[in-house]
Amino acid sequence: MLKQLNYNVFSANTPGQAIELAKNHANTIHLLLTDVVMPEMNGKELSDHIKSLCPTIQILFMSGYTTNIIAEHGVLEEGVYFIPKPFSKKNLADKVRQALDQR
């Protein structure tokens, strides 16, 4: 969906791959779109790690879990961008733009 919206997209299948991508990418990465619940580490842990590598990056979390589960992962804090699954391309476009405009 993001490619269809003309964003440059780098994808990673695991949090470890995302961290390696962030370490090795020469240009600025503006947004991390990550799931909240994943193997290896949760989205909050991944975002903290990526933020240490890319301090200006914005984070957009997504999840199909209920808000109770998401709250346990520390994602629903004030100022955090979140989109529930399933979402439409328009909803994603709006949330991405909202997150990027806060840079």
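**Notebook: the sheet and the helices packed on it**

I began with the sheet of this predicted model, and I found that three strands form an open sheet in the order 1-2-3, with parallel pairing. I then looked at the edges, where strand 1 (31-35) and strand 3 (81-84) stand, and since each has a single partner strand, one side of each is left without a neighbour in the sheet. I also noted the twist, which averages 25° from one strand to the next.

Next I looked up how strand 1 is joined to strand 2 (residues 58-63), and I found that the two pair in the parallel sense over five bridges. For D35 I looked for the bridge partner in strand 2, and that partner is M62.

I turned to the helices that lie on the sheet. Helix 2 packs on the sheet and touches strand 1 and strand 2, and the direction of helix 2 makes about 160° with that of strand 1. Helix 4 (residues 89-101) also packs on the sheet, where it touches strand 1, strand 2 and strand 3, and the direction of helix 4 makes about 175° with that of strand 3.

Last, I asked which residues of helix 1 (residues 15-24) are buried. I noted P15, A18, I19 and A22 as buried, and they lie on the same side of helix 1 because they cover an arc of only 100° around the axis. The spacing helped me to see this, because an α-helix has 3.6 residues a turn, so residues three or four places apart point the same way. I then checked what the buried residues of helix 1 pack against, and I found helix 2 (43-53) there.

Key: Residues are numbered from 1 along each chain as its sequence is written. This is a predicted model: local features need pLDDT of at least 70, side-chain atom pairs count only at pLDDT 80 or more; totals for chains, interfaces and linings use all residues. Side-chain values use heavy atoms; hydrogens and water are left out. Buried means under 20% relative accessible area, exposed over 50%, partly exposed in between (1.4 Å probe, protein chains only). Helices (H or I, at least four residues) and strands (E, at least two) are DSSP runs, numbered from the N terminus. The arc is that of the directions from the helix axis to the C-beta atoms. Contact means heavy atoms within 4.5 Å. Two strands pair if DSSP finds at least two bridges between them. Axes are lines fitted to C-alpha atoms, for helices over the stretch in contact, and angles run from 0 to 180 degrees between N-to-C directions.
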